[in-house]
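Grab a pencil and work through these short exercises on a predicted model. Each task comes with a solution you can follow step by step.

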Amino acid sequence: MLIAEKIKDELTLALAIHHELYELPCKGEYLEELVCQSSRTVGLTSDWKPNSSHQIGKDQSINGINISNKSGEFRVKRNGQKVLKITGSRTSKYETIKEKLDFLSDKVYDYTICCARNKSDWKKGNKVYHLIVLPHINYNSDNFIWKQQTLKDGTVKEDQWKTCTDHNKDIICWIGGQNVSGQLYTEFCDKTFLYHETININSLLN
């Protein structure tokens, strides 16, 4: 059984308690701590500590499994396909795409546990989280072909890179320019999700 499946009920309760105090969504280190507490409550171990220090490539180890925790943006496309976008490391200090990909691939996590949100739902006051597990990604693998982004007018953005969608449509990655410090973005389609359950906080608060 996946860790996310084991902690779902406890995490749901923890998120509900969070929203008894806060309107803002739970993310960042607060989400990490709730995942840690939920894991410990169901008898799992976690090495997470409240010291605001980020380990390279992971946020905590649960029962010896290296976990990256993300919030993420969940949405449903017009064709009905569900996708999740997460942000990754900033790469502006690396000049070449090879250096960037070497850095991004040197991560020691096994998979990612997300509590993602749909922006339009939250704007309407619907506090719904999507508990989603994503696979580990090697951005240097043959599954991805990276090319510099080209605008519609033919202009090549030398500091912006994107994977070819005709090579891999299930996971699309891009690296932003200097204006976002070379931020990595990754979008997963629902067929790559290892686990997906919705957590409706409103139903618990009303």
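**Exercise 1.** Work out how β9 pairs with β10, and which strands lie on the other side of each pairing.

*Solution.* Start with the pair itself: β9 and β10 (residues 183-189) run antiparallel and share five bridges. For a landmark, look at Ile171, which sits opposite Phe188 in β10. Next, go to β8 (residues 156-163), joined to β9 by two bridges, again antiparallel. There, Lys162 has Trp174 of β9 as its bridge partner. Finally, β10 also pairs with β4 (residues 82-90), antiparallel over six bridges, and Ile86 is matched with Thr186 of β10.

**Exercise 2.** Are the faces of β9 and β10 buried or exposed?

*Solution.* First, recall that side chains in a regular strand alternate between the two faces of the sheet. Now sort β9: Ile171, Cys173 and Ile175 go on one side, Ile172 and Trp174 on the other, and all are buried. Since five of the five residues of β9 (residues 171-175) are buried, the strand is largely enclosed by the rest of the structure. Then do β10: Gln183, Tyr185, Glu187 and Cys189 take one side, Leu184, Thr186 and Phe188 the other, and these are all buried too.

**Exercise 3.** Check the span of helix α1 (residues 3-21) against what its 19 residues should give, then look for a kink.

*Solution.* At 1.5 Å a residue, α1 should span 27 Å. The C-alpha atoms at its ends are 27 Å apart, so the two agree. Even so, α1 has a kink of about 45°, centred on Asp9. Its buried residues include Ile7, Lys8 and Leu11.

Technical notes. Residues numbered from 1 in each chain as written. Predicted model: local features only at pLDDT ≥ 70, side-chain atom pairs only at ≥ 80, totals over all residues. Heavy atoms only, no water. Buried < 20%, exposed > 50% of the residue type's maximum accessible area, 1.4 Å probe, protein only. Helix = DSSP H or I, 4+ residues; strand = E, 2+ residues; numbered from the N terminus. Pairing = 2+ DSSP bridges. Expected span 1.5 Å × (residues − 1). Bend = angle between axes of the 7 residues up to and from the residue.
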